[in-house]
Amino acid sequence: MVKTIEWVGGKVIMLDQSRLPVDVAYIECDNYLKVAEGIKKLWIRGAPAIGIAAAMGIALAARDIKAEDFESFISQLEPAIETILSTRPTAVNMKWAANRLKALLNSRRDESVSGLKELLVEESQKILDEDLQVNKAIGMWGEQFINDGDTILTHCNAGALATGGYYGTATAPMRVAKEMGKNFHVIADETRPVLQGARLTAWELMQDKIPVTLITDNTAGALMQRGEINLVIVGTDRTALNGDVANKIGTYSVAVLCKEHGIPFYVAAPLSSIDFNIPSGDQIPIEERGSEEVTDVFGKCKIAPEGVKVRNIAFDVTPAKYVTAIITEKGAFKPEDLKKLSGVEAEIDKLRIKIRK
Ligand code: MRU
């Protein structure tokens, strides 16, 4: 699988996902503003991947600061952090990564400024390395929901490309199921308007020889009605404490369809995508993007009349009542049990959904 993001020789190298599947091209970012531009323009996208990009962007910003002491260093770093976080509001992973780096800095106030800069580079690399482990664990807990012969629908791209490495989140149970020798088929919603399902999910699954069929978004209901979908697995940009799930626009419609057809609807979510400070989905900020994503096909062809009014809401919120389980690196849980995840391990073990004992 291609790398989505790397820190190489003091630069952040990101795969330009806006050019997939036509070109596999990388962009070098040697300052934090370029990283922020990359997040905004979807060169890098997907909640965990932009969390990693934000951490590396903060490390780049820190490197260019001239300061003698901790206070001056932090006061110059703060505005750069705010600039990065302002690029995309919905995914909580950027804030999670920034808070992790800030907590680290605060715990090492006695360090020299050059030492602090080094710590940020190391920690952002750690966030990238951990991402792979976390997603593998999601896969290990999630594969139990996939039976031999199943057809799994997914929406948008919550695969390797949306994260720092191979497993992805929604695709992690699929990749682990494949490693275990299970046969299954994936249906990828194309995901209007930016087509992450068509351009990215279909591409990455084909690269790894996982059988995939692409459908238009409005075909999902018809396939469910025909009994051709066994389960749905999607990712999330931010899940609230009560289990309400923000994910790519169209996810809510898929979840409601699942309810009607008695199909389980799973959400794969690293704990870094769960906002333990937000009681319900109403408080999740939802990004709205430019009209050209809807009226034009990637700047090449107009598909709507000039001047038409457009709403381009990038994410929706699926209420917890539609979610069968949330699969995290700590196990799979009912959405209403998320709030208990900070408890003791023995209690958490009782809440885990285990199909096979
Ligand atoms: O706008 P995008 O492409 O960043 O949206 C991505 C999604 O909606 C993903 O499903 C979500 O970030 C989870 S990625 C593991």
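# Close-up views

**View 1. Lys340 is partly exposed, with 43% relative accessibility.** This is a predicted model, like every view here. The side chain of Lys340 meets that of Asp337 in a salt bridge, 3.1 Å from N to O. So is its partner Asp337 buried or exposed? Asp337 counts as buried, because its relative accessibility is 8% and the cut-off for buried is under 20%. This pair therefore joins a partly exposed lysine to a buried aspartate.

**View 2. Glu37 and Lys41 make a salt bridge.** Look for the side chains of these two residues, which come to 2.6 Å, N to O. Glu37 is partly exposed, with a relative accessible area of 29%. Lys41 is partly exposed too, at 47%. Why can such side chains pair up? Opposite charges can pair when the charged atoms come close.

**View 3. Arg19 and Asp23 form another salt bridge.** Their closest N and O atoms are 3.3 Å apart. Arg19 counts as partly exposed at 39% relative accessibility, and Asp23 is also partly exposed, with a relative accessible area of 30%. How many salt bridges does a search of the whole structure find? The count is 24.

**View 4. Domain 1 meets domain 2.** Domain 1 covers residues 5-135, and domain 2 covers residues 144-351. Taken over C-alpha atoms, their centres sit 25 Å apart. To the contact, domain 1 brings 26 residues and domain 2 brings 35. About 2500 Å² is buried between the two domains, with 57% of that on carbon and sulfur atoms. On the domain 1 side, which residues lose the most area to domain 2? They are Arg45, Thr90 and Asn135, together accounting for 25% of what that side buries.

**View 5. Arg88 and Glu287 form a salt bridge.** Here the closest N and O atoms are 2.9 Å apart. Arg88 falls within domain 1 (5-135) and Glu287 within domain 2 (144-351). Across the interface of the two domains, one salt bridge is found. Arg88 and Glu287 also belong to a network of salt bridges that links them with Arg289 and Glu293.

**View 6. Val297, Phe298 and Ile303 make a nonpolar surface patch.** How big is the patch in area? It comes to about 260 Å². Val297 lies in strand 12, which spans residues 296-297. With a relative accessible area of 35%, Val297 is partly exposed.

Technical notes: Residues numbered from 1 in each chain as written. Predicted model: local features only at pLDDT ≥ 70, side-chain atom pairs only at ≥ 80, totals over all residues. Heavy atoms only, no water. Patch = residues over 30% accessible without salt bridge, like charges linked within 9 Å, V, L, I, M, F, W, Y side chains within 5 Å. Areas by Shrake-Rupley, 256 points an atom, 1.4 Å probe, with all protein chains shown as cover. Salt bridge = Lys/Arg side-chain N within 4 Å of Asp/Glu carboxyl O. Helix = DSSP H or I, 4+ residues; strand = E, 2+ residues; numbered from the N terminus. Buried < 20%, exposed > 50% of the residue type's maximum accessible area, 1.4 Å probe, protein only. Domains from an automatic or database assignment. Contact = heavy atoms within 4.5 Å. Buried area = accessible area lost by both parts, 1.4 Å probe.
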